[in-house]
There are 2 protein chains.
Amino acid sequence: MRRWNGWGDDSTSMALPESAGEFLNNAVGAGQLLPDATLAEVASKVPESRLAAHKLITTDATERVRHAKGQSLPDYLAMRSGDIDCFPDGVCYPENRQDVKDILTYAKAHNVELIPYGGGTSVAGHINPNASQRAILTLDMARMNQLMHLDEDSQIATFGAGTPGPMVEAQLLARGYTLGHFPQSFELSTIGGWIASRSSGQQSLRYGRIEQLFAGGNLETFAGSLDVATFPASSAGPDLRELLLGSEGRFGILTEVKVRVSKLAEKEQFSVIFFPSWQQASQFCKEAVQQRIALSMLRVSNAVETQTQLKLAGHEKAIAWLERYLSWRGCNAGKCMLTFGLTGSKEQISASKKQLSRLIKQFNGVNTGQLLGKKWQSNRFRSPYLRDALWQQGYVVDTFETATDWGNVDSLMAKVESNIRQGLAAESEQVHAFTHLSHVYSQGCSLYTTYVFRNASSYQATMECWQKLKHIASDTIVHNGGTISHQHGVGKDHAPYLHVEKGELGMKVIASLTEHFDADNQLNPGTLLE
Amino acid sequence: MRRWNGWGDDSTSMALPESAGEFLNNAVGAGQLLPDATLAEVASKVPESRLAAHKLITTDATERVRHAKGQSLPDYLAMRSGDIDCFPDGVCYPENRQDVKDILTYAKAHNVELIPYGGGTSVAGHINPNASQRAILTLDMARMNQLMHLDEDSQIATFGAGTPGPMVEAQLLARGYTLGHFPQSFELSTIGGWIASRSSGQQSLRYGRIEQLFAGGNLETFAGSLDVATFPASSAGPDLRELLLGSEGRFGILTEVKVRVSKLAEKEQFSVIFFPSWQQASQFCKEAVQQRIALSMLRVSNAVETQTQLKLAGHEKAIAWLERYLSWRGCNAGKCMLTFGLTGSKEQISASKKQLSRLIKQFNGVNTGQLLGKKWQSNRFRSPYLRDALWQQGYVVDTFETATDWGNVDSLMAKVESNIRQGLAAESEQVHAFTHLSHVYSQGCSLYTTYVFRNASSYQATMECWQKLKHIASDTIVHNGGTISHQHGVGKDHAPYLHVEKGELGMKVIASLTEHFDADNQLNPGTLLE
C-alpha cells in the first residue's frame, strides 16, 4: 500500500550500505532521530468538514490526511511529525469529464476552493491546501486513468488526465508504443500533472519535454470548456497548448489529454563514461548535443556527486578496483561520472556510437561500458526512496534544480553549491551538497543539486534549517541566471521567486489570465502566483 | 531596387519557358492582361497625412505607398491596379529600443494606431492599414538589422528585430554559424516578423520552427517592457516566449530578439526521389520522420504538382528522357517527386543515407541523385517571382497552406483540391490546383496548395474570383481538421476563420491578452482578431 508519510509503496524500501553511515558522519556529523507520528494520531486531529454533501465527495479523515501534503521536504517533516497545518475538507474522484463539470458547478454554487490532484508528488507545494475561510475540496484524478484512443497513423494517444506513469506505459506497451516520459516521480505522478507542471523526463533528449509531447486536449474551467485541437504545428496566433502547460491548476482542470507517442525502439542501452574533470565531462555533453549526435539521455555527476555515489553504492571491493583502473587511465580525485543512453534502431545506435567515440577520446573519457549503465537503469526510479533510508539514520535530504545557458553553467553551479554548504554556518552545521547536469540542450542544461544535513533537535528547528537553505538556493539561482525550476514547477514554494525571471509585466500577464478563467480565485489559490 | 508592386528586387525576374503558355492555355484557358498603374499615379492619390510631426516620422507619399500593402493576392491586385483603399499616414524607422519607446509614447499621446512592419511580405494582410478615424503610423524596423551579440558557448545570437533573412545569415556566416531559418520569403522577411507570425523555414526538420529557435528578447508595449530571459528550458509556469510567438503586433513591438544558432554544418546536399504514387511517397515521409532518420528537409509534390513542375521546367528533351527512365522504373502518370535534404557531418549524412536506402526500396522509390536537388536549391527562394511571370501572361497564381495529422492528410488534400478546382464553376472558369507536403512531423505534416486561374475581364471581377476561392479554401481547411495556417499566420485574411480551431473560450483568452497589453486597441487593429 502507498505510504502515507513517505515515498512510494511500503513493500519497497532502500537500505544504505554500512559504509554510508561513516561517510555521512564524516560529512555532516552523527544523525539525530526524531519521533514519527502514526496515521491514526494524525487522522484523529482532522477537523470537521465544511463541505456540503455531494455524491462524488468523501470526507473520510484518512483520505483527507492522505491528500494534505505532497513530497517536498516540509511536507515530509509535517507528515513525520504529524503536525499538519491544513487538511482539505474532502476528496472527490471524478470518473469522467461530466463529473469534473459537475464538481465545478458545485464549487461555484457553494463557494468552494478546488485543488486538482494527480499523483501527489509535487516537491513545491502544488497540492497543499492553504488555510482558508472557504471549504477546500481536492479533486483526485486517479479514476481517469485509461488509454481512451490511439491513432497509430498520427501516433497520438488520448489518456485520462489522472493516468500515472506505469499505466501510461503499460497501456501503450500493449500496442507497441511508448510515450518516453520518465521523470523520477514516474511511479506515482500522472500525465495531467506532467502537463500542468511542465515536467521533463530522463530521456527528454530523445522524446522531448512534456511541451513537445503534449498535443492537445480538454480543460474544464469556470469560464467554460477549452478544447485544444491537435495539429502537428500551426502559425495561427498564440498557441493554446501553452496555456495548459505550466498552468498548475490555476486555469482549470485537465480531463483528457492527447500526447505524441513513438513506436517502441528496437534497442536501448545505457553506459557510463568517466572523465578526469568536470570541465572535460561537461564540454563533452555540450559538444555531443550541439553536434546533434542522437542520444536519448545524458547525465554528468560532478566530482562530489561521483565520489558520494561511489561511497553509497556498497560493493566496496569492486569500487576500489574500478577506482584503481580509472586512476591508471587518468581519472583521479576530480573524476566525473557520465551516464548516457542510446535508443533507436541497431543501425542508429551504431552510428551514434561511432560519432561519440571520437568525442570521448577528445575529452579523455574512459568508457566503462554498460555494467554501471544497467545499474543506473534498474535504479532509475529508486532515488525518491533514499529520503526514508536517510531519515532512519537521522538525516534529511532534499534537492533543487534549475537550468541555465552553457555560458553560465560552471559559475551558477559553483555559487549555488558554495552558498548552500555555508548555509547553516550560524548553526555550526555542515551541509553536504553535490550536483549533476542532465536534460541537455544546445543552449544549456539543467543542474540538479542534492544536499544532506542532519536533523536538528526538533522538527521545528529542522524546518527552520530547511527554510534557510531553500531561500539561499532559490535566491542564488534566480539572481544568477537560472530559472527557478527546470522540471518541478512553481507551486507555492517557488512562487515568491518567480517575479525575478518573469518581470513585473510578465507576472501581471499571468495574473490577468488567472482572473480571466477564475474570477473568484477558487482554483488552487496560492499556487503559481502568491 | 525593390519592386513597389511585385516581389523582390527589380534586377531579378523569372521567365516562363515557351511550353508553359500551351500548358496553361490547356489547363485554364487563354490569359487575359489587365492594365498596370504606375507608382507616380498611385502616389498622386495619397491623401494628406493626419499625423502630428515627429523627428522619426516621414509622411512622404512614395513611402506611404510602399508600406500600404503586403504580398497577398488582393495586395497584388491593389498595387497592380493602383486602386489602394488605405495608406498609412506616415512611416517611421526606429534605430533602437529607445526610439520604439518614444514612438509608443507619441502614439499614446496622439491617439495614433501603430503597425509594426518587417519585410512587408505578409500574405495574410498583417501590415495593411484598415481605414480608421485615427491616424495610422507604420513602424518599419529595417534600421534595426544588426547582429548585436553572439554567445558562442550557448549558441545564442541577439539581433535587431528588423534584420532580414540574408543579413541574419551573412552576419552569422562571418562567425561560422547559421540560424537555419529559410522561409520562401527569406530574401525580404525579417527575424522579428518570423517570430510575430510563427514562421517555419524549409529546413525546419533540422533546425526547428521559429518557436524552437526563438530564445527570448524584448517587447515594448503600452503596458511597459517585457524582457523574456533565455533559459534552455523551464517549468516555471506559462512560457512568456509563447506570448510573443504569433502575437502579430497586437501586444507590442519586438525590438531585440535572441535566437538559437548552430555551427555551420560540414556538408549539405539535396536529392530527388520519384515514387510511383502519392501513397508511397507520403508513407515514405511519414516513416522517415517517425523513425527519426536525421534529415534537414522533406517535400513531396503530388502527381499534379509533379507534372506541372516538369512542364514548367523547360529543358523539354531532358525531361522527356527523365520521364522515359522513370517509366521504365515503374513511375508513370501518378508519379510524385520528393526532394530531401541532408545536413550535418559527413559521418551523419552517410548514416542517414544508409537508413534511408532501405525505406526508398520499401516504397519503390527511384533515387535520381543530386542533379534535381541542386536545381531546387538554386531556385529555393525564386518561387515568389513566379507571380510576376504569370501576370505578364494574364494569369494569377496564389497559394494557401495548412497542417494536419497524418491520419487526415489524404482526405484533407482531396477535399481542398476538389473544392478549389470547382470553385469558379459558376463563372465557367477552370482552376488549376496542385499540392505538396513539407514540414513533416511525427504527428503530421503541412500541405501547401498552389492554384492558377486566368484574370477576369476587370480587376474587380478578378478580385471577386479570388475572394470566392479564398473562402472555399479556408472554410474547407478549418472544417476538416486543418489549421488555418501552418506558416503564414492569421493577419486579417485568416482572422474570420480562427474561431473554428481556437473555440469560443480560446478566442476570449486571446482577446483578453490583447486588451491587457493595449486597452485602446491601437496596435495593429484588425489583425489576428477581427
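**View 1. S438(A) is a buried residue of chain A.** With a relative accessible area of 8%, S438(A) counts as buried. The model shown here and in the views below is predicted. S438(A) sits in strand β17 (residues 432-438) of chain A. Neighbours within four places in sequence aside, S438(A) is in contact with L298(A), R299(A), C445(A) and S446(A). C336(A) is 102 residues away from S438(A) in sequence. In space, the C-alpha atoms of S438(A) and C336(A) are 13 Å apart.

**View 2. C285(A) and C445(A) are not bonded to each other.** C445(A), a contact of S438(A), reappears here. Why is there no bond between C285(A) and C445(A)? The closest cysteine sulfur to that of C285(A) is in C445(A), but the distance is 7.5 Å, too far for a bond. A disulfide needs the two sulfur atoms within 2.5 Å. C445(A) is in no disulfide. Both cysteines are shut away from solvent by the numbers: C285(A) is buried at 0% relative accessible area, and C445(A) is buried at 0% as well. Over all chains, the structure holds zero disulfides.

**View 3. An open, five-stranded sheet lies in chain A.** The strand order is β5-β6-β10-β8-β9, and the pairing is antiparallel. Which strands form the edges? They are β5 (147-151) and β9 (224-228) of chain A, each paired on one side only. On average, neighbouring strands are turned by 10 degrees against each other, direction ignored. Strands of a sheet pair through backbone hydrogen bonds. At one edge, β5(A) pairs with β6 (residues 156-160) of chain A over four bridges, in the antiparallel sense. L150(A) stands opposite A157(A) of β6(A) in this pairing.

**View 4. Helices α5 and α6 of chain A meet the sheet.** Helix α6 (residues 165-173) packs on the sheet and touches β5 and β6 of chain A. The direction of α6 makes about 135 degrees with that of β6(A). Helix α5 (residues 97-110) of chain A lies across β8 (214-221), β9 and β10 (253-260) of chain A. Relative to β8(A), α5 runs at about 40 degrees.

**View 5. Strands β5 and β6 of chain B form a hairpin.** In chain B, β5 (residues 147-151) and β6 (residues 156-160) run antiparallel and are joined by four bridges. L150(B) has A157(B) as its bridge partner in β6(B). How many residues lie between the two strands? There are four between β5(B) and β6(B). In the turn, Q155(B) has a positive phi of about 55 degrees.

**View 6. Chain B and chain A share an interface.** The contact takes 81 residues from chain B and 81 residues from chain A. Between them, the chains bury about 6,200 Å². Carbon and sulfur atoms account for 52% of that area. Four salt bridges are counted between chain B and chain A. A salt bridge links D153(B) to K286(A), with the closest N and O atoms 2.5 Å apart.

**View 7. Helix α12 of chain B has buried residues.** The helix spans residues 303-312. Which of its residues are buried? Among them are E305(B), T306(B), T308(B) and L310(B). G314(B) follows α12(B) and has a positive phi, near 75 degrees.

Methods:
Residues numbered from 1 in each chain as written. Chains lettered and ligands numbered in written order. Predicted model: local features only at pLDDT ≥ 70, side-chain atom pairs only at ≥ 80, totals over all residues. Heavy atoms only, no water. Buried < 20%, exposed > 50% of the residue type's maximum accessible area, 1.4 Å probe, protein only. Pairing = 2+ DSSP bridges. Axes fitted to C-alpha atoms, helices over the stretch in contact; angles between N-to-C directions. Contact = heavy atoms within 4.5 Å. Buried area = accessible area lost by both parts, 1.4 Å probe. Salt bridge = Lys/Arg side-chain N within 4 Å of Asp/Glu carboxyl O.
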